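Open the model in your viewer and keep the sequence panel beside it. This tour goes stop by stop: what to select, then what is there.

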Amino acid sequence: ISREFTTNETLIQENCVLPAAFSMSVFNAPIALANLACNLKSGYTTALPSKGNFYKGLQSACAEILSGKEQQLLFIFGDEYVPNAYGTLQPQDNAPLAFATVISAQKIYENSFESNLENLKSISSKDFLKKLINEIY
């Protein structure tokens, strides 16, 4: 978000944006860079659910498993702090949060959290993380 804000400021002040600055401002840039840095050859999916709708992003991430195409995947969630300059556009709960977990079709670890995706429809990202921690530990 801060990179996007800087890009917007540059556009307003200089009436142009360099291609590299724009490319790094899009929401899938962090995972694309991580893929390159880790020399990963497989694809990745990014989801940007709006208005705190964590379930839609989780549902999108689980689609590969639910369809039977994949048996497990690494789910990485990140939500960053929205700067004060965004004013009324800041979310009410403006707290950064990031975590990663393995989602699989079968139980692969002894300490696992098992759930039907439908049971998570109204869960927030923060509550999902709390549930993971409480169920596993």
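Buried here means under 20% relative accessible area, exposed means over 50%, and partly exposed lies in between (1.4 Å probe, protein chains only). This is a predicted model, in which local features need pLDDT of at least 70, side-chain atom pairs count only at pLDDT 80 or more, and totals for chains, interfaces and linings use all residues. Residues are numbered from 1 along each chain as its sequence is written, and side-chain values use heavy atoms, with hydrogens and water left out.

**Stop 1: the whole chain**

Show the cartoon. Five helices and two strands make up the secondary structure. Helices (H or I, at least four residues) and strands (E, at least two) are DSSP runs, numbered from the N terminus. Along the sequence the pattern reads α-α-α-α-β-β-α.

Now switch to the surface. The protein exposes about 10200 Å², and carbon and sulfur atoms supply 54% of that area. Accessible areas come from the Shrake-Rupley method with a 1.4 Å probe; for residues, only the protein chains shown count as cover. Of the 137 residues, 20% are buried.

Contact means heavy atoms within 4.5 Å. Take the contacts between residues at least 6 apart in sequence: 50% of them join residues at least 24 apart.

**Stop 2: helix H5**

Select residues 125–136. This is H5, with twelve residues. The expected span of a helix is 1.5 Å times one less than its number of residues. For H5 that gives 16 Å, and the end C-alpha atoms are 17 Å apart, which agrees.

Which residues of H5 are buried? Show Ser125, Phe128 and Leu132 as sticks: these are the ones. They cover an arc of only 60 degrees around the axis, so they sit on the same side of H5. The arc is that of the directions from the helix axis to the C-beta atoms.

What do the buried residues of H5 pack against? Add helix H4 (54–66), strand E1 (72–79) and strand E2 (97–104) to the selection; these are the partners.

**Stop 3: leucine 132**

Stay in H5 and centre on leucine 132. Its relative accessible area is 9%, so it is buried. Leaving aside neighbours within four places in sequence, leucine 132 is in contact with Phe99, Thr101 and Phe113. Draw a distance from leucine 132 to phenylalanine 113. The two are 19 residues apart in sequence, yet 6.1 Å apart in space, C-alpha to C-alpha.

**Stop 4: threonine 101**

Step across to strand E2 and pick threonine 101. It has a relative accessible area of 15%, and therefore counts as buried. Its contacts, leaving aside neighbours within four places in sequence, are Leu73, Leu74, Phe75, Phe128 and Leu132.

**Stop 5: the loop between E2 and H5**

Select tyrosine 109, which lies in this loop. Is tyrosine 109 buried, partly exposed or exposed? At 48% relative accessibility, it is partly exposed.

Go on to asparagine 111, in the loop between E2 and H5. Asparagine 111 is partly exposed, at 46% relative accessible area. Its C-alpha atom is separated by 5.0 Å from that of isoleucine 136, 25 residues apart along the chain.

**Stop 6: a nonpolar patch**

Return to the surface and colour Leu74, Ile76, Val102, Ile108 and Tyr109. Together they make a nonpolar surface patch of about 480 Å². Patches are made of residues with over 30% relative accessible area and no salt bridge; like charges are joined within 9 Å, nonpolar side chains (Val, Leu, Ile, Met, Phe, Trp, Tyr) within 5 Å.

**Stop 7: salt bridges**

Side chains of opposite charge can pair when their charged atoms come close. A salt bridge is a side-chain nitrogen of Lys or Arg within 4 Å of a carboxyl oxygen of Asp or Glu. By this rule there are four.

Select aspartate 93 and lysine 126. Their closest N and O atoms are 3.0 Å apart, in a salt bridge. The pair links distant parts of the chain, 33 residues apart: aspartate 93 is in the loop between E1 and E2, lysine 126 in helix H5. Aspartate 93 is partly exposed at 48%, and lysine 126 is partly exposed at 36%.

Next, take lysine 107 and glutamate 114. The closest N and O atoms of this salt bridge are 3.8 Å apart. Lysine 107 is exposed at 52% relative accessibility, and glutamate 114 is exposed at 58%.

Finish with lysine 121 and glutamate 118, which form a salt bridge at 3.4 Å, N to O. Glutamate 118 is partly exposed, at 45% relative accessibility.
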